[in-house]
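Here are some notes for a colleague who is opening this structure for the first time. Please keep the sequence and the model in view while reading the numbered points.

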Amino acid sequence: MSSTTPRYAALAGVTAAAAAIGSAELVAALTGPRSSPLVAVGGLVVDTAPEPVKQLGIALFGTYDKIALLVGTALLLGGFAALLGVLAVRRLLIGLVGIGAFAALGVMAALTRAGADVADALPSLIGAAVGGLTLWAFVAGPLELDPWPWSSPGAAPAAGVGAYSEPTGPPASPAPGSAASPAPGSAASPAGRSVVSRAGGSVAADSRRRFLGGVGVVLGVAAVGGVAGRWLAGRRGVSAAREAITLPAPVSAARPVPAGADLGTPNLASYVTSNKSFYRIDTALVVPQVDPQTWRLRIHGRVRNPMTLSYADLLARPLVERYVTLACVSNEVGGNLIGNARWLGVPIQELLDEVGPLPGADQVVGRSVDGWTCGTPTAVLRDGRDALLAVGMNGEPLPVAHGFPVRMVVPGLYGYVSACKWITELELTSFADFDAYWVPRGWSAQGPVKTQSRIDTPRPRNRPAAGPVMVAGVAWAQHRGIARVEVRVDGGPWQQAELAPTVSVDTWVQWSWRWEATPGEHTLQVRATDRTGETQTGREQGVAPDGATGWHTVTVTVT
Ligand SMILES: Nc1nc2c(c(=O)[nH]1)N[C@H]1C(S)=C(S)[C@@H](COP(=O)(O)O)O[C@H]1N2
Ligand SMILES: [Mo]
């Protein structure tokens, strides 16, 4: 038997949840985006989800994993809200307790985020209050209305007894003065039974109209409030501050990109990756907005002279500009979580020399404003390579998503152990004393980039014609440099590819090889050898715990 009531009740629950979220977003415009319950709870999920679940999320959704998480959270919330609505019709207290539980979760999540203060509890609390009032307004009066307007005519309930009105219990009391409470003497009959009529002008139809009208108004106001909240929060962002910045010229410019570094072949990754197409990986559900005016970098821990720098202090120092290829440890063989940019920044080595690390301080922990950490070997930062506290990327201030105002970039190390974005602290400690963010989650404390190579063209779907085919791609072994790249077809002998010139050993290199392709299906493989003489292993290993290995293999059909 179908009944109208649970559907109205579920709709009331979802509407109350929407009112709660909308008002929470509006409040979060004042208290900061990370205090939004959706964002805070999502962040908690990101930080506490078991590693296999996270891996699955990344595998399924790639760099859209965060959007998937937010959409998933919203759907789950919608389901719970519908259930709460149905339960609340039976007993309002159950619904209110449910909302209270969600509020508690929101408060707990918001208050445990890095740098949280008590005001971060407000969006959840006010959202819960608004949600609770909305729920009360909708369900305090009996929700026994005319048949669900969109159900097939035959689905109308026979006796008009709402499945969730307790036949023997006392009638639910209408909410005094609440928008959705039925007008005295309208739908609710003394027995708590609904008056159902198929005639358009009945009192039940009236109250149905009023109910759906109320739902429409609340959903509309919630949506407007939520969007306005997001918009206001966005206006509090730092894009304007970023655009107002003019970066000083470097005292040491990057070596110009040599002619021929870019083969310009279609499908081949360009030698320099634009900011727009540079991959983005981080745990931040909302991009941290860090005001350069108030930004400070604290260098402390096991040092002789702790030091605090402002953004102006940093820009006043001699800046260097270098091309460095940044790669993610989660990059699969053949993957594209890698990019090459021209970074402008202060050499970290000079800062370390000034603070004077104490003996035993073998790890430098970079800490972001959102609490994320990475651990970099002190020795690597002091061995003369161009490890930078970067303020510029490809001639612009760092894009906000790539760490504005300041981030780390260290040639030769994966991003998770070196490339802290939105950095606010450098803490000298030891590997024995501190595990950075990804280490307790099963990733290696040491993350040197593995020698790798990738075939960018032809792609499997290209179906090149028989005859000469340009096979090309990129290879990288940051800070060691690439000495040789070889290609083989159908498991045959390795053939030497040609290497394009590069700026330095700290960047990737494009390679190409002319293939006399014959019709049919063929397998192309690539391997690189770095300048220490080590050849990339063909043994296949996944990305965890310290980077994938194996030869990129592409199967193409030649026509
Ligand atoms: N604050 C912060 N910095 C971070 C991360 C992060 O999650 N939070 N992820 C790191 C990882 S795993 C990588 S690969 C690089 C990616 O930098 P990009 O997003 O600029 O490409 O940033 C690193 N810096
Ligand atoms: Mo990464």
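**Notes on the predicted model**

1. A good place to begin is Gln 452, whose side chain reaches the backbone oxygen of Gly 550 at 3.5 Å; it should be kept in mind throughout that this is a predicted model. Gln 452 belongs to strand β11, which covers residues 452–457, and with a relative accessibility of 6% Gln 452 counts as buried. When neighbours within four places in sequence are left aside, the residues in contact with Gln 452 are Val 333, Ala 475, Trp 476, Ala 528, Gln 536, Ala 548, Thr 549 and Gly 550.

2. The surroundings of ligand 1 deserve attention next, for 19 residues surround ligand 1, and the closest are Tyr 279, Thr 283, His 402, Arg 407 and Lys 421. Oxygen atoms of the ligand take part in several short distances: one lies 2.7 Å from a backbone N or O atom of Tyr 279, one is 2.9 Å from a polar backbone atom of Thr 283, and one is 2.6 Å from an N or O atom in the side chain of His 402. Of the 530 Å² of accessible area that ligand 1 has on its own, the protein covers 98%.

3. Turning to the rings, a search of the whole structure finds twelve aromatic pairs. One of them is formed by Phe 278 and Tyr 279, which are stacked at 5.4 Å centre to centre with 20 degrees between the planes. Phe 278 is buried, with a relative accessible area of 5%, and Tyr 279 is buried too, with a relative accessible area of 13%.

4. What makes up the aromatic cluster that includes Tyr 437? Besides Tyr 437, the cluster is formed by Trp 372, Tyr 416, Trp 438 and Trp 443. Arg 441 lies over the face of Tyr 437, at 3.7 Å from the ring centre.

5. Is Lys 66 buried or exposed? Lys 66 counts as buried, because its relative accessibility of 16% falls under the 20% cut-off used for that label. Lys 66 lies in helix α4, which runs over residues 65–90, and, once neighbours within four places in sequence are left aside, Lys 66 is in contact with Arg 280, Asp 282, Thr 283, Ala 284 and Leu 285. Among these contacts is Thr 283, a residue already met in the list of those closest to ligand 1. Lys 66 and Gly 42, although 24 residues apart in sequence, are 8.6 Å apart in space, C-alpha to C-alpha.

Terms used: Residues numbered from 1 in each chain as written. Chains lettered and ligands numbered in written order. Predicted model: local features only at pLDDT ≥ 70, side-chain atom pairs only at ≥ 80, totals over all residues. Heavy atoms only, no water. Phe/Tyr/Trp six-rings, centres within 6.5 Å; stacked < 30°, edge-to-face > 60°. Buried < 20%, exposed > 50% of the residue type's maximum accessible area, 1.4 Å probe, protein only. Lys NZ or Arg CZ within 6 Å of the ring centre and 35° of its normal. Helix = DSSP H or I, 4+ residues; strand = E, 2+ residues; numbered from the N terminus. Contact = heavy atoms within 4.5 Å. Polar contact = N/O pair within 3.5 Å; in protein donor to acceptor, adjacent residues only side chain to side chain. Near = heavy atom within 4 Å. Areas by Shrake-Rupley, 256 points an atom, 1.4 Å probe, with all protein chains shown as cover.
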